[in-house]
Amino acid sequence: MRPSKRLERIPPYLFAELERKVAAKRAAGVDVISLGIGDPDRPTPALVVEAMQEAVSEPETHQYPSNRGRDDFRQAVSDFYQRRFDVFLDRDAEVMPVIGAKECIFNLNLAFLDEGDVALAADPGYPVYTGGPLLAGAEPVLMPLLEERGFVPDLEAIPAAALERARLLFLNYPNNPTGAVAPEGFFDRVVRFARDHDLLVVHDNAYSEITFDGYRAPSFLATPGAKEVGVEVFSLSKGYNMTGWRAGAIVGNPDAITAYWRLKSNVDSGLFEAVQLASIAALSPDGDAEAAEMCSVYQRRRDAVIDALREAGVQVTPPKATIYVWAPIPAGYDSSAAYCEHVLEEAGVVISPGGAYGPSGEGFFRISLTTPDRRLMEAVERLSSLGR
Ligand SMILES: *Cc1c(COP(=O)(O)O)cnc(C)c1O
């Protein structure tokens, strides 16, 4: 048995070694606290669970869904975009359900990339922006996100040879792993750039509903001209504590959505209708209050983590959004991986090495705020006593 060459192009899973060490520690009786993965600890809001319970008891929801999705689901997404972002979406041409943002982003690679094509991917970034192009037989080209530029890519610095072959541009604000938000004017520059270079922009909007200090994240599609050059992938996973449900939507350019639909109809059979019905409840005005409640939980945790890190001498900017704190590793370590190993070894705390998200993530570590307050504070206490 031999796996495909395509599969062999994927770099080894960088967390594998860390996971092995965590398992060994736990087996040895160490109380390991994980601040690694970004997976909300709070339950899915009751209004969503109740809508699901009702929907799943209806036999009509049990059959194959259509890939295009239910009318009422697409309408709910359209209403949400209007209310939340002031963006009009034609529910029939500009909205489709996705089985989580990850499915959508991966399949967009298959729908838009041929051999020799390039996808421009944020570095550090969500792994599918590089794994997707590789599995599609194309080439990811990294756009470094540097702290001194506010963690947005320098579009002018993209090598001309790569730009000529580029078909897709992946962006994600509010950003994982850096916690950065899109600065004023950035999306306008992206629209002009995409037009000039004939790129499809894929804006991964996994975190717009988790924001702090009064900041409200815009949709990329609220930028004039964005719908001509791009799509946005909206996910319910993080904002509504629904990671296991696999629910989201692709919205924006109708031709891009049609291409995605053609591809997808050969790959899967759509989003479970009961999950579509539950998602309608999440996206209703009542759902807004649930998302707002989660913002206050994460904001409180963020503040506590930032205070503790600062006390330990780690210079860190409080993020305006997301469930992550992104901070520089202390001096004296060869790599972010070495620092994270040391933290696991000495403090029994799992944090993510920045280098695992791309070469420009080197020198940083990521803390996820998705751990109950007391455990999170204990983990941060352990971290800061390491630093003293
Ligand atoms: C968590 C995450 C996703 C995954 O979203 P799903 O809808 O659960 O597939 C996508 N993009 C980013 C940047 C994420 O952090």
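**Exercise 1.** Start from His203 in this predicted model. Which residue is the bridge partner of His203 in β7, and how do β6 and β7 run?

*Solution.*
1. The partner of His203 in β7 is Glu232.
2. β7 spans residues 230-235 and runs parallel to β6.
3. Five bridges join the two strands.

**Exercise 2.** Now take the other neighbour. Which residue of β5 stands opposite Val202, and which helix links β5 to β6 in a β-α-β unit?

*Solution.*
1. β5 covers residues 166-171 and pairs with β6 in the parallel sense, over four bridges.
2. Phe170 stands opposite Val202.
3. The helix is α8, residues 186-197.
4. Together, β5, α8 and β6 form a right-handed unit.

**Exercise 3.** Are the faces of β6 buried or exposed?

*Solution.*
1. Buried here means under 20% relative accessible area.
2. On one side, Leu200, Val202 and Asp204 are buried.
3. On the other, Val201, His203 and Asn205 are buried too.
4. That accounts for six of six residues in strand 200-205.

**Exercise 4.** Place β6 in its sheet. What is the strand order, and which strands lie at the edges?

*Solution.*
1. The order is β2-β8-β7-β6-β5-β3-β4, an open sheet of seven strands with mixed pairing.
2. β2 (95-98) and β4 (139-144) are the edge strands, each pairing on one side only.
3. Neighbouring strands are turned by 25 degrees against each other on average, direction ignored.
4. Helix α10 (residues 254-264) packs on this sheet and touches β2, β6, β7 and β8.
5. The direction of α10 makes about 35 degrees with that of β2.

How values were computed:
Residues are numbered from 1 along each chain as its sequence is written. This is a predicted model: local features need pLDDT of at least 70, side-chain atom pairs count only at pLDDT 80 or more; totals for chains, interfaces and linings use all residues. Side-chain values use heavy atoms; hydrogens and water are left out. Buried means under 20% relative accessible area, exposed over 50%, partly exposed in between (1.4 Å probe, protein chains only). Two strands pair if DSSP finds at least two bridges between them. A crossover is right-handed if, with the strands pointing away from the viewer, the path from the first strand over the helix to the second runs clockwise. Axes are lines fitted to C-alpha atoms, for helices over the stretch in contact, and angles run from 0 to 180 degrees between N-to-C directions. Contact means heavy atoms within 4.5 Å.
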